Amino acid sequence: MQHDTLTPLHDLSYGNGVAAAHDLAAGEVVTDLGQCVEADTPSIYTIDIGGRHIDGPRVRHLNHSCDPNTHVDTVRLQVVALRPIAAGEELTFFYPTTEWEMVGPFACLCGAASCIGTVSGARDLPREVLERYELNPHIADRLASHAGSAR
Ligand SMILES: [Zn+2]
């Protein structure tokens with residue numbers, strides 16, 4: 001049975017977002033990405049699932065946070081709750097866990113103590129920052145092959 005667990009948010013100071021439609025437990029699948037379509041080119045709305053960029057009407061509005069409450073798993077194609085999430089709470093994920101580089105870098109306003117400031121993809125972050133997050137394989141692989149080069 002498929003539940004639509006994402007509710008649109010329209011009046012955020014920074015634009016659109018999506019919220020949990022009902023309470024979620026840690027580890028619960030928030031939504032699957034199977035309904036998403038492959039985009040021809042990456043955009044500020046797409047998610048890199050390892051060389052392919054997908055887009056969907058709700059997940060395109062998943063915003064970034066440096067203290068996110070979900071993880072986007074690009075292998076299982078699922079968005080998973082990282083902690084208990086209350087109905088109505090905005091859903092966020094850490095963009096560099098899916099994006100090595102980004103077409104639309106921005107200054108993060110998440111307010112987390114661990115905020116990285118400018119969000120422009122994993123390529124631009126120190127390893128010790130990236131290691132705080134669950135990286136998808138295509139990012140971990142790039143990081144490994146990037147290790148020897150100058151930062
Ligand atoms: Zn931040």
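The questions and answers below concern a predicted model, and they take up its metal site, its sheets, its largest pocket and several single residues.

User: Which protein atoms are the donors of the zinc ion, and what is their spacing along the chain?

Analyst: In this predicted model, the zinc ion has four protein donors, the SG atoms of C66, C108, C110 and C115, which lie 2.3 to 2.4 Å from the ion. Read along the chain, these donors follow the spacing C-x41-C-x1-C-x4-C.

User: What is the geometry of the site of the zinc ion?

Analyst: Ideal angles for four tetrahedral donors are 109.5 degrees. Four donors count as tetrahedral if all angles lie between 85 and 135 degrees. The angles among the four donor atoms here run from 105 to 113 degrees, and the site of the zinc ion is therefore tetrahedral.

User: Is C110 buried or partly exposed, and into which class does C115 fall?

Analyst: Buried means under 20% relative accessible area and exposed means over 50%, with partly exposed in between. C110 has a relative accessible area of 29%, and C115 has a relative accessibility of 27%. Because these values fall between the two limits, C110 and C115 both count as partly exposed.

User: What is the strand order of the open sheet that contains β3, β8 and β9?

Analyst: The edge strands of this sheet are β3, residues 29-32, and β8, residues 70-73, each of which pairs on one side only. Strand β9 pairs antiparallel with β3 over three bridges and, as residues 78-81, antiparallel with β8 over four bridges. Neighbouring strands are turned by 20 degrees against each other on average, with direction ignored. The order of this open sheet of three strands is β3-β9-β8.

User: Which residues of β9 are the partners of T70, D73 and V29?

Analyst: On the β8 side, T70 has A81 as its bridge partner in β9, while D73 has Q78. On the β3 side, V29 stands opposite V80. The partners of T70, D73 and V29 are thus, in that order, A81, Q78 and V80.

User: Which residue in the hairpin of β8 and β9 takes a positive phi, and what is its value?

Analyst: Most residues other than glycine have a negative phi. The hairpin of β8 and β9 has four residues between the strands, and L77 lies in that loop, where its relative accessible area of 26% makes it partly exposed. The residue with a positive phi is L77, and its value is near 55 degrees.

User: What is the strand order of the open sheet that contains β4, β5 and β6, and which residue of β6 stands opposite E38?

Analyst: The edge strands here are β4, residues 37-38, and β5, and each pairs on one side only. Strand β6, residues 53-55, pairs with β4 in the antiparallel sense over two bridges. The order of this open sheet is β4-β6-β5, and the residue opposite E38 is I54.

User: How many residues lie in the hairpin that joins β1 to β2?

Analyst: Strand β1, residues 6-12, pairs with β2 in the antiparallel sense over five bridges. Within this pairing, the bridge partner of P8 in β2 is V18. The number of residues through which the hairpin joins β1 to β2 is two.

User: What is the volume of the largest pocket, and which residues of its lining are the closest to its centre?

Analyst: The largest pocket has a volume of about 880 Å³. The elements that give two or more residues to its lining are β2 (15-20), β5 (47-48), β7 (63-64), β10 (92-93) and β11 (106-107). Of the 38 lining residues, the closest to the centre are L62, N63, H64, Y95 and F106.

User: Is H138 buried or exposed, and how many Å separate its C-alpha from that of T98?

Analyst: H138 lies in helix α2, which spans residues 137-146. With a relative accessible area of 17%, H138 is buried. H138 and T98 are 40 residues apart in sequence, and their C-alpha to C-alpha distance is 7.8 Å.

User: Where is S120 found, and how many Å separate its C-alpha atom from that of M102?

Analyst: S120 is found in the loop between β12 (118-119) and α1 (127-130), and its relative accessible area of 12% makes it buried. S120 and M102 are 18 residues apart along the chain, and their C-alpha atoms are separated by 5.3 Å.

Technical notes: Residues are numbered from 1 along each chain as its sequence is written. This is a predicted model: local features need pLDDT of at least 70, side-chain atom pairs count only at pLDDT 80 or more; totals for chains, interfaces and linings use all residues. Side-chain values use heavy atoms; hydrogens and water are left out. Two strands pair if DSSP finds at least two bridges between them. Axes are lines fitted to C-alpha atoms, for helices over the stretch in contact, and angles run from 0 to 180 degrees between N-to-C directions. Donors are N, O and S atoms within 2.8 Å of the metal (3.2 Å for Na, K and Ca); water is not among the atoms, so sites may look incomplete. Four donors count as tetrahedral if all angles lie between 85 and 135 degrees; four count as square planar and six as octahedral if opposite donors are over 155 degrees apart and all others between 65 and 115; anything else is irregular. Buried means under 20% relative accessible area, exposed over 50%, partly exposed in between (1.4 Å probe, protein chains only). On a 1 Å grid over the protein atoms alone, a cavity is a set of points where a 1.4 Å probe fits but cannot get out, and a pocket is an open set with protein on both sides within 12 Å along at least five of seven lines; lining residues have an atom within 4 Å of a point. Grid points are joined across faces, edges and corners, and a volume is the space filled by probe spheres set on the points.
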